[in-house]
Amino acid sequence: MSDLPPCPQCQSPYAYEDGNQLVCPECAHEWQPGEVDADALVIRDSNGNLLQDGDTVTVIKDLKVKGSSLVVKVGTKAKNIRLVDGDHDIDCKIPGIGAMKLKSEFVKKQ
């Protein structure tokens, strides 16, 4: 097994060397060895799994929607999430409710 680091963008273990750069075959990200991407968001779900843009997540707790009488029930799936920086780290669309921001501590990765 190689001792190359995983891709900093998608955490793929299949990175390979191309000249003086490392390349990820899964997401095509290129980086220098030892380089740390300060802009990369590292957001984990309630179980510690790394979340990425486009993932599907499931709500693990009933969540009241502020300003309305709606409730997001346990087991509700949110597909094609987008990770953002801030207090609520996930932008998504909840079926029957619409666009919402969620905290990653209340979801688990599918």
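Confidence in this predicted model is lowest in β3, at a mean of 86, and highest in strand β4 (residues 57–59), at 96. Over the chain the mean pLDDT is 87, and 92% of residues reach 70 or more. Where pLDDT is low, predicted coordinates should not be read in detail.

The sheet around β9 is a convenient place to start. Three strands form an open sheet in the order β8-β9-β10, with antiparallel pairing. Its edge strands are β8 and β10, each of which pairs on one side only. Between β8 and β9, which run antiparallel, there are two bridges. R82 stands opposite D91 in β9, and D91 also forms a salt bridge with R82, with the closest N and O atoms 3.1 Å apart. The two partners differ in their surroundings: D91 is buried because its relative accessible area, 15%, falls under the 20% limit, whereas R82, at 48% relative accessibility, counts as partly exposed.

The strands of this sheet also contribute to the interior. In soluble globular proteins, nonpolar side chains tend to be buried together. The largest nonpolar core here has 16 residues, and those with the most contacts inside it are L51, V72, I81, I90, C92, I94 and L102. At least two residues of this core come from each of β4, β9 (90–94) and β10 (98–102). The largest share, three residues, is that of β9. A second, separate core of six residues includes C10, A15, L22 and C24.

Of the residues with the most contacts inside the largest core, I81 is one. Leaving aside neighbours within four places in sequence, I81 touches two stretches of chain. One set of contacts consists of Q52, D53, G54, D55 and V57. The other consists of I90, D91 and C92. I81 is therefore in contact with D91, the salt-bridge partner of R82, and with D55, a residue in the loop between β3 and β4.

What is the accessibility of D55 in that loop? At 12% relative accessibility, D55 counts as buried. Beyond four places in sequence, D55 is in contact with L50, A78, K79, N80, I81 and K109. The contact with K109 includes a salt bridge, the closest N and O atoms being 3.5 Å apart. Because D55 lies in the loop between β3 and β4 and K109 in strand β11 (residues 107–109), the pair ties together parts that are 54 residues apart in sequence. K109 is partly exposed, at 31% relative accessibility, while D55 is buried.

Side chains of opposite charge can pair when their charged atoms come close. How many salt bridges does a search of the whole structure find? The search finds three. Besides D55 with K109 and D91 with R82, the side chains of D87 and K103 meet at 3.7 Å, N to O. D87 lies in the loop between β8 (82–83) and β9, and K103 in the loop between β10 and β11, so this pair ties together parts that are 16 residues apart in sequence. Here the acidic partner, D87, is exposed, with a relative accessible area of 54%. K103 is partly exposed, at 25%.

The loop between β3 and β4 also holds P33. Apart from neighbours within four places in sequence, P33 is in contact with N20 and L22, and L22 is one of the residues of the second core. P33 and P6 are 27 residues apart in sequence and 11 Å apart in space, C-alpha to C-alpha.

Two backbone positions remain to be described. Most residues other than glycine have a negative phi. Q11 has a positive phi of about 65° although it is not a glycine. Q11 lies in the segment before β1 (16–18) and is partly exposed, with a relative accessible area of 39%. A28 is likewise a residue other than glycine with a positive phi, near 65°. A28 is found in the loop between β2 (21–23) and β3 (30–31). With a relative accessible area of 57%, A28 is exposed, because the value is over 50%.

Note on methods
Residues numbered from 1 in each chain as written. Predicted model: local features only at pLDDT ≥ 70, side-chain atom pairs only at ≥ 80, totals over all residues. Heavy atoms only, no water. Helix = DSSP H or I, 4+ residues; strand = E, 2+ residues; numbered from the N terminus. Buried < 20%, exposed > 50% of the residue type's maximum accessible area, 1.4 Å probe, protein only. pLDDT = per-residue confidence, 0-100. Core = buried A, V, L, I, M, F, W, Y, C linked by side-chain atoms within 4.5 Å. Contact = heavy atoms within 4.5 Å. Pairing = 2+ DSSP bridges.
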